[in-house]
Amino acid sequence: GKYVTISTQASKQCKYWNNLTGWEEVIEWLKGEGYNVLCIDKWRYWGDPKSNFMNPIPNGVIDKTGGDQQMDGEDHFDLYDRMIDIKHADFHIGLPSGLSWLSWAVGTHVIMISGFSDSNSEFQTGITRVEPIEKDICKFCWNREPYANDDWWWCPDHKGTIRQFECSISITGEQVIDTIKKYIGK
């Protein structure tokens, strides 16, 4: 049947879609439209073990992850299999991270959810971006601040405040669904 791939994990929290209900809303809508939703992330959970914080993949997906992080150091993630999944998907929904770039590289259209980077930071073809639309929302810090690669919680303007990661929190499930509808011609 028809399907889409999603990648929900990233190398730092600022790259995540930090809206707490966004993925579930989009997945529910896609399934209602007859799509299977394959999560192709490397790990089922990823995050900052130092602060005991892990991001799970969303509920309701077909789990094509490599599984739980292996403490034995073995990697159970087959990138070639993920490339095949992506190549035959109707489109890919992802973050500004590696699997979105891989999707672009194999020629599958990407719906990218990003608040921390502006469009000039990503590939320019085969992409539909979903960004914060509210004028007073902090966004695109990646393009104006030095990136602290060793800080999982990097948010240069609002770290430790209620506004931390507001760029991606402000992107709603409805906004992503509307973007998908436009892309598929609904």
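# Exercises on a predicted model

In this predicted model, β3 and β4 form a hairpin with four residues between them, and N52 in the turn has a positive phi of about 55°. Let's start there.

## Exercise 1: the hairpin

Work out in which sense β3 and β4 pair, and over how many bridges.

**Solution.** Step one: find the strands, with β3 at residues 45-48 and β4 at residues 53-56. Step two: look at their directions and bridges; the pairing is antiparallel and has four bridges. Step three: pick out a facing pair, and you will see G47 opposite M54 of β4.

## Exercise 2: the open sheet

Put the six strands of the open sheet in order, then explain why one side of β5 and of β8 is left without a neighbour in the sheet.

**Solution.** Step one: read across the sheet, which gives β5-β2-β1-β6-β7-β8 with parallel pairing. Step two: check the edges, where β5 (62-63) and β8 (127-130) each have a single partner strand, so one side of each has no neighbour in the sheet. Step three: zoom in on β5, which is joined to β2 by two bridges. I62 in β5 is the bridge partner of L38.

## Exercise 3: two sides of a helix

Take helix α1 (residues 22-32) and list its buried residues. Then decide how they are placed around the axis.

**Solution.** Step one: apply the burial cut-off of under 20% relative accessible area. The residues of α1 that pass are G22, W23, V26, I27, W29 and L30. Step two: turn to the directions around the axis; these residues cover an arc of only 165°, which puts them on the same side of α1. Step three: inspect the other side, where E28 and G32 are exposed. Step four: ask what lies over the buried residues. The cover includes strands β1 (3-6), β2 (36-39), β6 (92-94) and β7 (110-113), together with helix α5 (173-184). Step five: follow the chain onward from α1 to G34, whose phi is positive, near 90°.

## Exercise 4: pockets and a cavity

Find the volumes of the largest pocket, the second largest pocket and the largest cavity, and describe their linings.

**Solution.** Step one: the largest pocket holds about 420 Å³ of space. Among its 21 lining residues, W17, N18, N19, L20 and N55 are the closest to its centre. Both α1 and β4 supply at least two residues of this lining, whose classes are 10 nonpolar, 10 polar and one charged.

Step two: the second largest pocket has about 210 Å³. Its lining consists of Q9, A10, S11, D41, K42, W43, W46, S97, G98 and L99, divided into four nonpolar, four polar and two charged residues.

Step three: look for enclosed space, where the count is one cavity of 30 Å³ or more. The volume of the largest cavity is about 40 Å³. Four cysteines, C138, C141, C155 and C167, are in its lining, along with P156, D157, H158, R163, F165 and E166. By class, that lining has six nonpolar, one polar and three charged residues.

## Exercise 5: the surroundings of Q9

Decide whether Q9 is buried or exposed, and name its contacts beyond four places in sequence.

**Solution.** Step one: locate Q9 in the loop between β1 and α1. Step two: compare its 9% relative accessibility with the cut-off, and Q9 counts as buried. Step three: leave aside neighbours within four places in sequence; Q9 is then in contact with Y16, D41, W43, R44, Y45, W46, N55, P56, I57, L95 and S97. Step four: try a long-range check, with G185 lying 176 residues from Q9 along the chain and their C-alpha atoms separated by 28 Å.

Key:
Residues are numbered from 1 along each chain as its sequence is written. This is a predicted model: local features need pLDDT of at least 70, side-chain atom pairs count only at pLDDT 80 or more; totals for chains, interfaces and linings use all residues. Side-chain values use heavy atoms; hydrogens and water are left out. Buried means under 20% relative accessible area, exposed over 50%, partly exposed in between (1.4 Å probe, protein chains only). The arc is that of the directions from the helix axis to the C-beta atoms. Contact means heavy atoms within 4.5 Å. On a 1 Å grid over the protein atoms alone, a cavity is a set of points where a 1.4 Å probe fits but cannot get out, and a pocket is an open set with protein on both sides within 12 Å along at least five of seven lines; lining residues have an atom within 4 Å of a point. Grid points are joined across faces, edges and corners, and a volume is the space filled by probe spheres set on the points. Ala, Val, Leu, Ile, Met, Phe, Trp, Tyr, Cys and Pro count as nonpolar, Asp, Glu, Lys and Arg as charged, and the others, Gly among them, as polar. Two strands pair if DSSP finds at least two bridges between them.
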